[in-house]
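Q: Please give a close account of a single part of this predicted model. The request concerns one helix, its packing and the empty spaces in its surroundings.

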Amino acid sequence: MKLHISPCPNDTFTFHAMIHGLVDTEGLTFDPVFDDIDALNAAAVDRPDEEEIIKISYAALPEAVGAFRLLESGSALGHGNGPLLVSRHKIYPDELHDARIGIPGERTTANRLLSIVFPAARQKKVYLFSEIAPAVADGEIDAGVLIHEGRFTYASQGLRLIADLGQEWERLTALPIPLGGILLKRSYSAEVAAQVGRIIRRSIEYAQAHPEASAAYVKAHAQELDPEVRHKHITYFVNDYSLALGDEGRRAVERLTGLTAEQMF
C-alpha cells in the first residue's frame, strides 16, 4: 500500500517499523512517499483516486472525508504542541490586520487556528513550512506561523513569539490540539481500516520501545539536523493520542472540523 506521509521526525519515527517489517504487518507491505503537508492536503482533496493511506492536516478533513476514512491510530494531537505565530519586530495582536503573515498552507490546521484566534489576520501568503522563519527573519513578511521543527528553533533566528495558537485553542476549548491525522481510502473496508490501524499502533509501540532503531531513518529525512530538536519533535507529537484517538481526541477533531464520528470513520 502507498503510504503518503511527511518527512518530519514524528512521521518517520511513527511509520519506520511497519515500513521496514519490524512488526507484524498482517501480510501488508507499505511503500512510503514523502511530501510537504500542504502538498499532502492537496493530494487528498484534489486527487483522492491516486492515494491509499495519507497524512493530512485535520483542517483539511471536511474536504477529504468523502473519499477517505480517518484511522484511529497515527494522529498528531496533544497539549502544548500547537503552531506558533512569530515575528522579528514586536507586533501586538491588534496590529495583525495589517501584517503580512506566512502560513504553511491554506488547508493546514495552523492556518485554521490562526483564523480562529485572530480572524482579522487576512494578509496571508503560503510558504513551504521550512521557509517561513527565514522569510520573517529577512523581513520579507511581518510574521509567520511555525509548525514542525520551526517551532523549536525560531528564537535562534532572532524571532519573537506573538502567540501560541495551540495554547489559545486549549484555552478556548479545554481540548487537545488536533494537528494531523491518517486517512485510508474508503474503497477499503472497515475491517482493513481496523487492520491498518492496528499495524500503525504496533509500529509506534515498537518505535517507543526501541528509539535507536529509527534514529538514522529519522535523521535522513529531517529538515533539522540538531538531534535534540528531532527528539523534542518526536516527544511533542507522538503520544497516547497517536496510539489511539480515544474519546477526548475524537471530541477535539469534531470541534475543529464540525464533523461527527460517523462521518469521519
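A: The account below begins with the helix H1 and then turns to cavities and pockets.

In this predicted model, helix H1 spans residues 9-19. Eleven of its eleven residues are buried, so H1 is largely enclosed by the rest of the structure. The buried residues are Pro9, Asn10, Asp11, Thr12, Phe13, Thr14, Phe15, His16, Ala17, Met18 and Ile19. Just after H1, Gly21 adopts a positive phi of about 65 degrees.

The packing of H1 against helix H8 (residues 190-209) can be described as follows: the two axes come within 7 Å and cross at roughly 110 degrees. Because angles of 65 to 115 degrees count as roughly perpendicular, H1 and H8 are roughly perpendicular to each other. On the H1 side, the contact is formed by Phe13, Thr14, Phe15, His16, Ala17 and Met18. H8 contributes Ile199, Ile200, Ser203, Ile204, Tyr206, Ala207 and Gln208. Sorted by class, this contact of H1 with H8 comprises nine nonpolar and four polar residues, with no charged residues.

H1 also takes part in enclosing internal space. The structure holds two cavities of 30 Å³ or more. The largest cavity contains about 270 Å³ of space, and of the 23 residues that line it, Ile37, Ile147, His148, Leu179 and Gly180 are the closest to its centre. At least two lining residues of the largest cavity are supplied by each of H1, strand E3 (53-57), helix H4 (109-117), strand E11 (177-185) and helix H10. The largest share, three residues, comes from E3. By class, the lining of the largest cavity has ten nonpolar, ten polar and three charged residues.

Ile147, one of the residues closest to the centre of the largest cavity, is found in the loop between strand E9 (143-146) and helix H6. At 14% relative accessibility, Ile147 counts as buried. Leaving aside neighbours within four places in sequence, Ile147 is in contact with Ile37, Pro83, Pro104, Ala110 and Phe129. Among these contacts, Ile37 is likewise one of the residues closest to the centre of the largest cavity.

The second largest cavity holds about 30 Å³ of space. H1 gives the most to its lining, with three residues. The lining includes Asn10, Asp11 and Thr14, together with Lys55, Gly74, Ser75, Ala76, Phe237, Val238 and Ser242. By class, the lining of the second largest cavity has three nonpolar, five polar and two charged residues.

The largest pocket brings Phe13 back into the account. This pocket has a volume of about 230 Å³. Of the 13 residues that line the largest pocket, Phe13, Pro211, Arg230, His231 and Ile234 are the closest to its centre. Phe13 also belongs to the H1 side of the contact with H8. H8, helix H9 (215-221) and helix H10 (227-237) each supply at least two residues of the lining of the largest pocket. The largest share, five residues, comes from H10. By class, the lining of the largest pocket has eight nonpolar, four polar and one charged residues.

To draw the picture together, H1 is largely enclosed by the rest of the structure, packs roughly perpendicular to H8, supplies at least two residues of the lining of the largest cavity and gives the most to the lining of the second largest cavity.

Definitions and conventions
Residues numbered from 1 in each chain as written. Predicted model: local features only at pLDDT ≥ 70, side-chain atom pairs only at ≥ 80, totals over all residues. Heavy atoms only, no water. Axes fitted to C-alpha atoms, helices over the stretch in contact; angles between N-to-C directions. Helix = DSSP H or I, 4+ residues; strand = E, 2+ residues; numbered from the N terminus. Parallel < 35°, antiparallel > 145°, perpendicular 65-115°, else oblique. Contact = heavy atoms within 4.5 Å. Nonpolar A, V, L, I, M, F, W, Y, C, P; charged D, E, K, R; others polar. Buried < 20%, exposed > 50% of the residue type's maximum accessible area, 1.4 Å probe, protein only. 1 Å grid on protein atoms, 1.4 Å probe; cavity = no way out; pocket = protein on both sides within 12 Å on 5 of 7 lines; lining within 4 Å. Points joined across faces, edges and corners; volume = space filled by probe spheres on them.
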